[in-house]
Amino acid sequence: MKKMQMVVAVRLHALVFAAHAGTPFAATSYDIKVKSFMQDAGAGDMCTSLDELDENWLYNAVDKLMQDEVREKYKKISDDFKEKERLNKKNAAKLLGKQV
């Protein structure tokens with residue numbers, strides 16, 4: 001995913017992998033979990049429903065994802081998710097009585 005310029009996906013795991021890699025992403029939401037992920041990532045504006053998906057939305061999404069300032073935003077999203085992952089590991093280990 002790091003080699004990709006952007007990801008436009010329907011499936012949640014494609015978005016998760018893109019977020020981890022710092023690759024800009026947009027989504028077409030078929031389920032609340034996709035919409036929720038996009039909102040949690042701070043990219044809710046880059047998510048549309050299947051009913052609202054059209055060529056204009058896709059064109060605008062791709063155009064926006066190619067902008068340098070937006071690409072920087074997605075690098076921050078990646079860093080934020082990596083920090084959440086680190087804290088989750090630490091808390092899980094603490095609950096299990098293990099050292100990290």
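This is a short walk through the model, one selection at a time.

Before you click, know that this is a predicted model, with local features taken at pLDDT of at least 70, side-chain atom pairs counted only at pLDDT 80 or more, and totals for chains, interfaces and linings using all residues. Residues are numbered from 1 along each chain as its sequence is written, and side-chain values use heavy atoms, with hydrogens and water left out.

**Stop 1: the whole chain**

Show the chain as a cartoon and you'll find four helices and three strands. Here helices (H or I, at least four residues) and strands (E, at least two) are DSSP runs, numbered from the N terminus. Starting at the N terminus, the order is β-α-β-α-β-α-α. The C-alpha atoms fit a box of roughly 50 × 30 × 20 Å along the principal axes.

Now switch on the surface. About 6900 Å² is accessible, and carbon and sulfur atoms account for 54% of that; the areas come from the Shrake-Rupley method with a 1.4 Å probe, and for residues only the protein chains shown count as cover. Of the 100 residues, 32% are buried. Buried means under 20% relative accessible area, exposed over 50%, and partly exposed in between (1.4 Å probe, protein chains only).

**Stop 2: the core**

Select Leu-15, Phe-25, Phe-37, Met-38, Met-46, Leu-65 and Tyr-74: these have the most contacts inside the largest nonpolar core, which has 23 residues. Such a core is a set of buried Ala, Val, Leu, Ile, Met, Phe, Trp, Tyr and Cys residues joined through side-chain atoms within 4.5 Å. At least two of its residues come from each of S1 (7–9), H1 (12–21), S2 (25–29), H2 (32–41), H3 (55–65) and H4 (68–96).

Next, keep just Met-38 and its surroundings. Beyond the neighbours within four places in sequence, Met-38 is in contact with Leu-15, Phe-25, Ala-26, Ala-27, Ala-43, Gly-44, Met-46 and Cys-47. Contact means heavy atoms within 4.5 Å.

**Stop 3: helix H1**

Which residues of H1 are buried? Pick out Leu-12, Leu-15, Ala-18, Ala-19 and Ala-21. The buried residues of this helix pack against S1, S2, H2 and H4. Step just past H1 to Gly-22, where phi is positive, at about 80 degrees.

**Stop 4: along strand S2**

Go to Thr-28, which sits in strand S2. Is Thr-28 buried or exposed? Its relative accessible area is 4%, so Thr-28 counts as buried. Leaving out residues up to four places away in sequence, Thr-28 touches Ala-9, Val-10, Val-34, Thr-48, Ser-49, Leu-50 and Leu-53.

Ser-29 is also in S2, and Ser-29 is buried because its relative accessibility is 13%. Zoom in on its side chain, which reaches the backbone oxygen of Asp-31 at 2.8 Å. That is a polar contact: a pair of N or O atoms within 3.5 Å where, within protein, one must be able to donate a hydrogen and the other to accept it, and residues adjacent in sequence count only if both atoms are side-chain atoms. Again setting aside residues up to four places away, Ser-29 touches Val-34, Lys-35, Cys-47, Thr-48, Ser-49 and Leu-50.

**Stop 5: the loop at Tyr-30**

Finish at Tyr-30, in the loop between S2 and H2. Tyr-30 has a relative accessible area of 32%, so it is partly exposed. Past the residues up to four places away, Tyr-30 touches Val-10, Arg-11 and Leu-50. For a last distance, link the C-alpha atoms of Tyr-30 and Phe-17: these residues are 13 apart along the chain, and the atoms are separated by 18 Å.
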